[in-house]
Amino acid sequence: YYIFEIANYSFLVLLLCLCYKLRFININSLIVWSGIFFVPLVLNYFIFSPSLFPDQFQYASEVMSLKSKGISIDEIASQNAEFSLNLGSISIPTNPITITTTFLGYAPIPNFMTVTSLAFANKFFLFLSFLGLKKFFFKDENKLLFFFLIPSLLLYTSLALRETLIIICSVFFLLNMLKNNYIISIIFMLPLFALKIQMFAFFALYFVGRLVFRANNSLYMLVFFLGFVLLASILLQDTILQTLNYYRLGFAAENMDLGDGIYGYYAFSLYGEALAESLELTSMLEVIWASIIGLPKLLLMPFPNTWSNIFYPIQFFESIFLILLYWSISVRNNLLKNKEFIYLSVILLLACMLYSLLVFNVGTFVRYRFSLFFPFIIAVYYIATLERGNKTKLFKSNF
């Protein structure tokens, strides 16, 4: 195991040294990224069993099957009819596992042998994203490094999961939107349709509001846009309620545990009728109220009474830190009156409110919350960078 994975680590460090030699990165980045690349070696099989995140095995099996046989494993192949987009005679697979592993399989690491191999592939693409972000934050390379040391980012990008690709696509979608690069933004948004449909919906809302309603330019247009969204929600109430109740029930059923080995969908099939009735939302007013009530839980979990693994205490304090970081960036850079910041924050709030309706499994939604929150923090920091740049130009012109 370690022979294969040390080879992968060595390759990434060699790449890192090459980038340093070519002056793509500075000495601080060389040191920090050497440590970031090392993290996968000490997580799976060492600090914890990979079964703590069991989905990893499916991703690992899929990438090995695709690279060795050119076909999906049986379990995923049987799902491809469900996860496909039919365009006439053309059928495009949209299975998130297949898409993720196909993309990660292009990472030029020497070996794909274990779940940790996919983690190294994730690290490779995360490093490429760091190099890409330097174009947006050229003078802040050392400060940019700070964001890549956030514990949840270190954790989720060191696993064989799709969170890394979701985060990368989300970050570059938002940054290109802020630069008015709409075509490039669409390119980064489209993969999210398969990787994480919820994120695609959030960003599609942001895209329409910014491009069509210009909600980022005027508070009046923002209010008009929110009124339009509310009116559309009322008109489409039946469809929205049916979808929300379906997902609420699905997440609740998956997390149902009656003890004595009776849990999940099996438990729900036996005693789920009362649960279904208690969770059903019957009006948009009830949806709004339930989302407001559930928002603090989503933002601050995992609470101490739910700590069941070594990561939960860290993520509890991290959740508080990220909220304070978001607030600190906005206050210290006078963004509270910045219309771009206000619109971005409104979209983040709406997305969090929607997620708050579905929180039944703490581990799942801690991961979902971070994948959502982190790209918005990067976007807010970019707005702050632009704001500082504008003030510097104004000062120089006045001088």
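Student: Let's start with the largest cavity. How many nonpolar, polar and charged residues are in its lining?

Tutor: The general idea is simple: rolling a probe the size of a water molecule over the atoms shows where empty space is left. In this predicted model, the lining of the largest cavity has nine nonpolar residues, one polar residue and no charged ones. The volume of this cavity is about 50 Å³.

Student: Which residues line the largest cavity?

Tutor: Click through L126, S129, L133, F148, L153, I167, I168, V171, F172 and F374. Helix 6 (115-133) and helix 9 each supply at least two of the lining residues.

Student: Which helix gives the most to that lining?

Tutor: Helix 9 does, with four residues. There's a handy rule for reading a helix that borders a space: an α-helix has 3.6 residues a turn, so residues three or four places apart point the same way. Keep that in mind while you look at I167, I168, V171 and F172 in the lining.

Student: What should I check about helix 9 itself, starting with how far it reaches?

Tutor: Helix 9 covers residues 163-178, which is 16 residues. From its first C-alpha to its last it reaches 23 Å, close to the 22 Å expected at 1.5 Å a residue.

Student: How many of the residues of helix 9 are buried?

Tutor: The count is 16 of 16, so the helix is mostly covered, with buried meaning under 20% relative accessible area. Compare that with the protein as a whole, where buried residues make up 50% of the 399 residues.

Student: And what follows helix 9?

Tutor: N180 follows helix 9. For a backbone turn like this, look at phi and at the residue type. N180 has a positive phi of about 65° although it is not a glycine. Its place is the loop between helix 9 and helix 10.

Student: Is N180 buried or exposed, or somewhere in between?

Tutor: In between: N180 is partly exposed, because its relative accessible area is 45% and the partly exposed class lies between 20% and 50%.

Student: Which other residue that isn't glycine has a positive phi, near 55°?

Tutor: Look at N334, where phi is near 55°. N334 lies in the loop between helix 18 and helix 19. At 51% relative accessibility N334 counts as exposed, because the cut-off is over 50%.

Student: While we're on loops, where is the cis peptide bond?

Tutor: The angle to read here is omega. A cis peptide bond joins M301 and P302, with omega at about 5°. P302 sits in the loop between helix 17 and helix 18.

Student: Back to the helices. What does M189 in helix 10 touch?

Tutor: For contacts, it helps to skip the sequence neighbours. Leaving out residues up to four places away in sequence, M189 touches F173, F200, F203 and A204. M189 is found in helix 10, residues 182-189, and it is buried, with a relative accessible area of 7%. M189 and F172 are 17 residues apart in sequence and 8.8 Å apart in space, C-alpha to C-alpha.

Student: How much space lies in the second largest cavity, and which residues line it?

Tutor: About 40 Å³ of space lies there, lined by L299, S319, L322, I323, R369 and F373. By class, that lining has four nonpolar residues, one polar and one charged. Helix 18 (312-332) and helix 20 (362-398) each supply at least two of them, and helix 18 gives the most, with three residues.

Student: What about open spaces? What is the volume of the second largest pocket?

Tutor: That pocket has a volume of about 1200 Å³. Of the 34 residues that line it, the closest to its centre are L205, V229, S233, I240 and L354. The elements giving two or more residues to its lining are helix 12 (197-211), helix 13 (219-235), helix 14 (237-254), helix 17 (284-300) and helix 19 (339-356). The lining has 29 nonpolar, five polar and no charged residues.

Student: Finally, how many helices and strands are there in the protein?

Tutor: There are 20 helices and four strands. To see how the chain comes together, read the contacts by sequence separation. Of the contacts with a separation of 6 or more, 70% are between residues 24 or more positions apart. As for the outside, the accessible surface is about 20000 Å², and 68% of it belongs to carbon and sulfur atoms.

Terms used. Residues are numbered from 1 along each chain as its sequence is written. This is a predicted model: local features need pLDDT of at least 70, side-chain atom pairs count only at pLDDT 80 or more; totals for chains, interfaces and linings use all residues. Side-chain values use heavy atoms; hydrogens and water are left out. The expected span of a helix is 1.5 Å times one less than its number of residues. Buried means under 20% relative accessible area, exposed over 50%, partly exposed in between (1.4 Å probe, protein chains only). On a 1 Å grid over the protein atoms alone, a cavity is a set of points where a 1.4 Å probe fits but cannot get out, and a pocket is an open set with protein on both sides within 12 Å along at least five of seven lines; lining residues have an atom within 4 Å of a point. Grid points are joined across faces, edges and corners, and a volume is the space filled by probe spheres set on the points. Ala, Val, Leu, Ile, Met, Phe, Trp, Tyr, Cys and Pro count as nonpolar, Asp, Glu, Lys and Arg as charged, and the others, Gly among them, as polar. Contact means heavy atoms within 4.5 Å. Accessible areas come from the Shrake-Rupley method with a 1.4 Å probe; for residues, only the protein chains shown count as cover.
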